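Colleague: Please walk me through this model, and tell me how each label was earned. I would like to see the values set beside their cut-offs.

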Amino acid sequence: MADHDDAVLYGISDGLATITINRPDAMNAMNTAAKVALRDALRSAAADTGVRAVLLTAAGGRAFCVGQDLKEHLGKLAEAQGQEGGNALSTVQEHYNPIVRALTEMPKPVVAGINGAAAGAGFGFALACDYRVAADTASFNTSFAGVALTADSGVSWTLPRLIGQSRAADLLLFPRSISARDAHELGIVNKLVPAADLAAEAAAVARALADGPTVAYAALKESLAYGAGHTLAEALEKEDELQTKAGASEDHGIAVRAFLAKEKPKYLGR
């Protein structure tokens with residue numbers, strides 16, 4: 001794996017990009033260097049036509065990402081108080097929003113390998129991924145209200161869509177850690193595995209997606225996002241548009257021929 005930045009590791013292997021938040025001594029909290037590096041790594045993966053899937057994970061065994069580095073944030077609060085029009089939370093627009101948009105909008109699937117605590121923005125990053133594999137020792141916490149803040153990193157949009165408005169309000173108004181097992185039962189986690197197996201299981205899921213029909217996956221991501229905010233009639237029109245595109249892909253022809261020949265398809269990602 002190549003070093004994209006000290007705070008984030010980035011590497012590509014046979015169409016699978018692996019991005020690792022690399023601040024284990026700080027519970028993978030996001031300081032400015034980490035936020036910039038993660039944003040840029042995700043943008044690189046999104047723009048690289050050779051990347052067909054992304055695995056987002058973190059170093060160490062304690063945390064996936066606990067959100068904002070509060071030590072750095074305290075200094076920025078002090079700076080903002082001394083400046084007219086200062087805004088210590090400009091990081092939302094500069095970093096967190098672009099990170100979440102890169103995760104949700106890239107035309108390829110993203111798997112989160114959640115090795116430990118996912119809190120605040122770290123919880124948001126996990127929710128913005130398309131598929132979440134979690135260690136049985138992981139935990140989840142909205143955290144925002146606990147430091148007198150509102151939701152960011154897309155949590156106000158993603159969490160209610162996964163677990164419903166009432167349960168999302170409960171977790172946001174009364175922030176607390178919930179276990180990986182409870183998160184799995186709520187539908188936050190797609191796959192729950194023993195902690196010792198997390199790295200291998202998350203990589204296997206991401207590898208299966210990297211070897212799959214990339215155009216179809218991109219269309220599925222787009223249709224799910226579109227359907228969340230449009231009428232059935234509009235969704236049907238979008239499905240027609242995207243199905244036409246998927247049907248014209250090389251992978252569709254490969255899949256049909258393989259099905260008729262009773263063989264396993266070998267997709268090209270186009």
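Modeller: Happy to! Two helices count as roughly parallel at angles under 35 degrees, roughly antiparallel over 145, roughly perpendicular from 65 to 115, and oblique for the rest. This is a predicted model, in which local features need pLDDT of at least 70 and side-chain atom pairs pLDDT 80 or more, while totals for chains, interfaces and linings use all residues. Residues are numbered from 1 along each chain as its sequence is written, and side-chain values use heavy atoms, without hydrogens and water.

Colleague: Why are H5 and H6 called oblique to each other?

Modeller: H5 (155-163) and H6 (residues 165-173) pack at about 130°, and their axes are 7 Å apart. An angle of about 130° falls in none of the three named ranges, so the pair is oblique. Helices are DSSP runs of H or I with at least four residues, strands are runs of E with at least two, and both are numbered from the N terminus. The axes are lines fitted to C-alpha atoms, for helices over the stretch in contact, and angles run from 0 to 180 degrees between N-to-C directions.

Colleague: Which residues of H5 and H6 meet?

Modeller: Val155, Leu159, Pro160 and Ile163 of H5 meet Gln165, Arg167, Ala168, Leu171 and Leu172 of H6, where contact means heavy atoms within 4.5 Å. That contact has seven nonpolar residues, one polar and one charged. The nonpolar class is Ala, Val, Leu, Ile, Met, Phe, Trp, Tyr, Cys and Pro; Asp, Glu, Lys and Arg are charged, and the others, Gly among them, polar.

Colleague: What makes H3 and H4 roughly parallel?

Modeller: The axes of H3 (residues 91-105) and H4 (residues 121-128) come within 9 Å and cross at roughly 20°. That angle is under 35 degrees, which means H3 and H4 are roughly parallel. H3 contributes Tyr96, Ile99, Val100, Leu103 and Thr104 to the contact, and H4 contributes Ala121, Phe125 and Ala128. Seven of these residues are nonpolar, one is polar and none is charged.

Colleague: And how do you know that H9 is roughly antiparallel to H10?

Modeller: H9 and H10 pack at about 170°, with their axes 10 Å apart. Since about 170° is over 145, H9 is roughly antiparallel to H10. Val215, Ala219, Glu222, Ser223 and Tyr226 of H9 touch Glu234, Ala235, Lys238, Glu241, Leu242, Lys245 and Ala246 of H10. This contact has six nonpolar residues, one polar and five charged.

Colleague: What about empty space: how many cavities of 30 Å³ or more are there?

Modeller: One, with a volume of about 30 Å³. On a 1 Å grid over the protein atoms alone, a cavity is a set of points where a 1.4 Å probe fits but cannot get out; a pocket is an open set with protein on both sides within 12 Å along at least five of seven lines; lining residues have an atom within 4 Å of a point. Phe123, Phe140, Asn141, Thr142, Leu171, Arg176 and Ile178 line the cavity; four are nonpolar, two polar and one charged.

Colleague: Which helix gives the most to the lining of the largest pocket?

Modeller: H9, with ten residues. That pocket holds about 1000 Å³ of space, and of its 42 lining residues, Thr104, Asp130, Lys221, Glu222 and Ala225 are the closest to its centre. The lining has 23 nonpolar, eight polar and eleven charged residues.

Colleague: What lines the second largest pocket?

Modeller: H9, H10 and H11 (250-260) each supply at least two residues, and H10 has the largest share, five residues. The second largest pocket, of about 300 Å³, has 15 lining residues, with Ala216, Ala219, Leu242, Gln243 and Ala246 closest to its centre. Eight lining residues are nonpolar, five polar and two charged. As for volume, grid points are joined across faces, edges and corners, and it is the space filled by probe spheres set on the points.
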